[in-house]
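Biologist: Please take a close look at a single strand of this protein and at what lies beside it. A plain account will do, with a word on how far the model can be trusted.

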Amino acid sequence: MMKIGVAVLASAAVATAQTCALPSSYKWSSSGVLATPKSGWVSLKDFTVAPYNGQHLVYATTHDTGSSYGSMGFSPFSDFSQMASASQNTMSASTVAPTLFYFAPKSIWVLAFQWGGTSFSYKTSTNPTNVNGWSATQTLSTASVNSGTGAIDQTLIGDSSNMYLFFAGDNGNIYRSSMPIGNFPGSFGSTYTTVLSGATNDLFEAVQVYKLKGQTKYLMLVESIGSQGRYFRSYTATSLGGSWTADKTSESDPFAGKANSGATWTNDISHGDLIRSSNDQTMEVDPCNLQLLYQGRSPSSDAVDKATQAVQLARVAQPAHTATICVHPNIQGFLVQDSIELPDVPDLYRKTATLAISSRRPKANTPDEMNEG
């Protein structure tokens with residue numbers, strides 16, 4: 001079975017104000033592999049990433065060569081170019097499809113996950129870099145939904161008054177539970193509200209919810225199944241307890257998908273996390289510098305042999321340039337400023353593609369600076 005790894009995707013842009021609106025249309029470009037699964041694993045997936053002391057802290061789901069899921073955490077790294085050399089640390093307890101954040105009101109880190117004995121569970125820690133230093137498993141939710149998978153793919157977010165649990169069911173619905181923020185961490189119980197409903201493939205799984213920096217506005221991402229592969233739809237709201245409005249909901253013009261990802265080695269843009277500007281329960285992201293860590297899958301691999309990519313997006317694309325990209329299934333190129341660097345491979349494994357690459361280098365928007373935080 002082919003072992004596939006991690007990469008970075010980016011769209012270059014210049015942020016012209018402290019507060020940015022969401023783009024009217026998204027254009028991403030992709031680097032190559034950032035890291036590959038260590039021996040014994042064939043995939044890294046379901047990424048959650050939080051800022052930690054000026055570095056990136058990433059947890060993920062793993063899959064072995066058989067039928068077993070597991071969990072891991074990377075050692076913290078300052079720049080995604082360092083991800084390949086970061087230690088991949090196996091967790092002794094399984095925390096599949098994790099959500100990682102710092103709960104500021106009680107000065108505690110929280111790791112939420114599925115398949116922990118109840119629908120959703122959580123652990124806490126004062127040192128999230130120690131992947132085996134988390135507390136015993138606690139109940140987060142006992143919600144039950146009518147689907148083949150049951151409730152899956154939780155995410156958590158809070159405002160000044162409440163904590164909210166959003167989740168999916170692979171059944172065309174997105175659900176929400178809530179509790180007073182003073183009661184968290186704790187159990188949301190079994191009650192929930194359906195906030196979005198539609199076709200199963202349109203509202204499938206991997207829901208994520210974020211606050212937009214400097215605004216009273218929220219962004220929801222939902223993974224969908226399209227004719228070309230997995231892609232993300234987006235929705236917006238002005239309150240976490242309110243209704244959601246469609247933003248980018250077509251496969252031809254998605255939030256992120258084959259149509260606009262710039263990726264050359266995967267048709268699937270799947271379960272991941274936007275790079276947050278804050279590590280706390282507000283799940284804040286900066287629309288001036290959107291970046292997405294996501295999983296992809298080689299079209300020639302099977303359903304569980306999934307590759308992963310780190311994705312960077314800036315709000316406004318610069319003029320595109322033509323670059324040569326390696327498309328051999330076992331060799332990946334990677335984006336470095338204005339060029340794609342490639343291993344020495346035969347010409348038959350190369351093709352020409354157009355990427356959105358910045359043609360100028362404003363000091364505040366160099367690739368290294370865009371990777372920070």
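Modeller: I will take strand β17 and begin on one side of it. This is a predicted model, and in it β17 is joined to strand β18 (residues 245–250) by three bridges, with the two strands running antiparallel. One position can be followed across that pairing: threonine 236 has threonine 245 of β18 as its bridge partner.

Strand β17 also pairs with strand β16 (residues 218–225), again in the antiparallel sense, and here there are eight bridges. Among the positions to look for is valine 222, whose bridge partner in β17 is arginine 233. The strands β16 and β17 form a hairpin with four residues between them, and in this hairpin glycine 229 has a positive phi near 135°.

Now the cover of the strand itself. β17 spans residues 230–237, and eight of its eight residues are buried. The side chains can be sorted by direction: Arg230, Phe232, Ser234 and Thr236 point one way, while Tyr231, Arg233, Tyr235 and Ala237 point the other way. Both groups are buried. Arginine 233, the partner of valine 222, is thus found in the second group, and threonine 236, the partner of threonine 245, in the first group.

For the setting, the protein has one helix and 27 strands. Of its 373 residues, 56% are buried. Among contacts with a separation of 6 or more, 57% are between residues 24 or more positions apart. The accessible surface comes to about 14,000 Å², and carbon and sulfur atoms hold 45% of that surface.

Another part of the protein can be set beside β17. Strands β3, β4, β5 and β6 make an open sheet in the order β3-β4-β5-β6, with antiparallel pairing. Its edge strands are β3 (41–52) and β6 (88–90), each of which pairs on one side only. On average, neighbouring strands in this sheet are turned by 30° against each other, direction ignored. Between β3 and strand β4 (residues 55–64) there are nine bridges, and the two run antiparallel; in β4, histidine 63 is the bridge partner of serine 43.

Two serines in loops are also worth finding. Serine 278 sits in the loop between β20 (270–274) and β21 (284–285). Serine 278 counts as buried because its relative accessibility is 16%, and the cut-off for buried is under 20%. Its side chain makes a polar contact of 3.1 Å with the side chain of aspartate 280. Leaving out residues up to four places away in sequence, serine 278 touches Pro51 and Glu284. The other, serine 298, is in the loop between β22 (291–296) and β23 (307–312). Its relative accessibility is 8%, so serine 298 counts as buried too. Serine 298 is 30 residues from aspartate 268 in sequence, and their C-alpha atoms are 8.2 Å apart in space.

Last, the confidence of the prediction. The protein has an average pLDDT of 80, and 76% of the residues score at least 70. Over residues 311–373 the pLDDT is below 50, though the model gives this stretch 163 contacts beyond near neighbours in sequence. Among the elements, the lowest mean pLDDT, 27, belongs to strand β24 (residues 320–326), and the highest, 99, to strand β12 (residues 162–168). Residues 1–5 also stay under 50, with 30 contacts beyond four places in sequence in the model. Where pLDDT is low, the predicted coordinates should not be read in detail.

Definitions and conventions:
Residues are numbered from 1 along each chain as its sequence is written. Side-chain values use heavy atoms; hydrogens and water are left out. Buried means under 20% relative accessible area, exposed over 50%, partly exposed in between (1.4 Å probe, protein chains only). Two strands pair if DSSP finds at least two bridges between them. Contact means heavy atoms within 4.5 Å. Accessible areas come from the Shrake-Rupley method with a 1.4 Å probe; for residues, only the protein chains shown count as cover. pLDDT is the predictor's confidence in each residue, from 0 to 100. A polar contact is a pair of N or O atoms within 3.5 Å; within protein, one must be able to donate a hydrogen and the other to accept it, and residues adjacent in sequence count only if both atoms are side-chain atoms. Axes are lines fitted to C-alpha atoms, for helices over the stretch in contact, and angles run from 0 to 180 degrees between N-to-C directions.
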